[in-house]
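Work through the exercises below with the structure open beside you. Try each task before you read its solution.

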Amino acid sequence: DDRVHYIGAMKADKIVVDYTLIKSAPVSLNYGGIGDSLSCATALGDWRIANNEFGDPINPKIFQETKELVQQLLKSRNVIHDMNDEGIRKMVEFLLWEIRLCEEWGNARPEEGGEHFLAYTIEKIRPARYLHGALIALNVLIVLRLQGKDAIFNYLDVKKYLDDIGLKYSPKDLGIPKDDFRKALEYVPKYVEEEKLFHGIWNRSNIFHNESIDVILDWIYNF
């Protein structure tokens, strides 16, 4: 039904990482594996907005540890780019760290925010088989820029990280027409409200006051 459903929690008894199998995949696909850890960068800004403007609860300890996760992630660009055994191990460790923080908090708040909600909106407007991590990475840049002073990380620093790694995250690479991206940006606030998703940037009434949709679109379609 083109909707996201949370169906409950499961815990693996054992995690098996086949380094040979992973390294046999196109490196562009493996780079995408970093997207769901990088999403913590924007989830934190949205969490702060949710707490300050909508009174949502926050856990300073989990917030700070999630910030540390992103800081460590941004220092890992060389090993992630090389995608050797150490890079694969690092990527898995970041994902496990993120999952542990979400379990400790009780839901996906530490890693899911406006970047994921924009992705869900795009998938609803234009269903396709997108590389999830690349789409999330693109949306992280958009949301960081829109968060302004509430952003925990600088969007230009994150963009350089993505470019240094070599992830192909532009909307052109993802195959998203500009008109469809415009529709998604216009619709995402309503989508978040309809789906009762976490509070954050998309719940503000003046989202595009400083950075218009046209400015955002011109920016990302020049990546």
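The exercises that follow deal with helices, their packing and a few loop residues in a predicted model.

**Exercise 1. Check the length of α5.**
Task: Work out what span α5 should have, and compare that with the model.

Solution.
- Step 1. Count the residues: α5 has 15.
- Step 2. Find the expected span. The rule is 1.5 Å times one less than the number of residues. For α5 this gives 21 Å.
- Step 3. Compare. The end C-alpha atoms of α5 are 21 Å apart, which agrees.

**Exercise 2. Describe how α4 packs on α5.**
Task: Find the angle, the axis distance and the handedness for α4 and α5, then list the residues in contact.

Solution.
- Step 1. Two packed helices are described by the angle between their axes and the distance between the axes.
- Step 2. For α4 and α5, the angle is about 150 degrees and the axes are 9 Å apart.
- Step 3. Angles over 145 degrees count as roughly antiparallel. Therefore α4 and α5 are roughly antiparallel to each other.
- Step 4. The crossing of α4 and α5 is left-handed.
- Step 5. On the α4 side, the contact uses Cys40, Ala41, Leu44, Trp47 and Arg48. On the α5 side, Ile62, Phe63, Thr66, Lys67, Leu69 and Val70 take part.
- Step 6. Sort the contact residues of α4 and α5 by class: eight are nonpolar, one is polar and two are charged.

**Exercise 3. Find what buries α5.**
Task: Which residues of α5 are buried, and what covers them?

Solution.
- Step 1. Buried means under 20% relative accessible area.
- Step 2. In α5, Ile62, Phe63, Glu65, Thr66, Leu69, Val70, Leu73 and Leu74 are buried.
- Step 3. The cover over these α5 residues includes α3, α4, α6, α7 and α10.

**Exercise 4. Repeat the analysis for α9 and α10.**
Task: Describe the packing of α9 and α10, and say which residues meet.

Solution.
- Step 1. The angle between α9 and α10 is about 165 degrees, and their axes are 9 Å apart.
- Step 2. That angle makes α9 roughly antiparallel to α10.
- Step 3. The two helices, α9 and α10, cross in a left-handed way.
- Step 4. From α9 come Ala137, Val140, Leu141, Leu144 and Arg145. They meet Tyr155, Val158, Lys159 and Leu162 of α10.
- Step 5. By class, the contact of α9 with α10 has seven nonpolar, no polar and two charged residues.

**Exercise 5. Examine α8.**
Task: How many residues of α8 are buried, and what covers them?

Solution.
- Step 1. α8 runs over residues 114-125, which is twelve residues.
- Step 2. Nine of these twelve α8 residues are buried, so α8 is mostly covered.
- Step 3. Among the buried residues of α8 are His116, Phe117, Leu118 and Tyr120.
- Step 4. The cover over the buried α8 residues includes α3, α4, α9 and α12.

**Exercise 6. Place two residues with positive phi.**
Task: Is Met83 buried or exposed? Is Lys196 buried or exposed?

Solution.
- Step 1. Met83 is not a glycine, yet has a positive phi of about 50 degrees. Lys196 is not a glycine either, and has a positive phi of about 55 degrees.
- Step 2. Met83 sits in the loop between α6 and α7. Lys196 sits in the loop between α12 and α13.
- Step 3. Met83 has a relative accessible area of 6%, so Met83 is buried. Lys196 has 72%, so Lys196 is exposed.

Notes: Residues are numbered from 1 along each chain as its sequence is written. This is a predicted model: local features need pLDDT of at least 70, side-chain atom pairs count only at pLDDT 80 or more; totals for chains, interfaces and linings use all residues. Side-chain values use heavy atoms; hydrogens and water are left out. Helices (H or I, at least four residues) and strands (E, at least two) are DSSP runs, numbered from the N terminus. Buried means under 20% relative accessible area, exposed over 50%, partly exposed in between (1.4 Å probe, protein chains only). Contact means heavy atoms within 4.5 Å. Axes are lines fitted to C-alpha atoms, for helices over the stretch in contact, and angles run from 0 to 180 degrees between N-to-C directions. Angles under 35 degrees count as roughly parallel, over 145 as roughly antiparallel, 65 to 115 as roughly perpendicular and the rest as oblique. A crossing is left-handed if the near helix is turned anticlockwise from the far one by less than a right angle, and right-handed if clockwise. Ala, Val, Leu, Ile, Met, Phe, Trp, Tyr, Cys and Pro count as nonpolar, Asp, Glu, Lys and Arg as charged, and the others, Gly among them, as polar.
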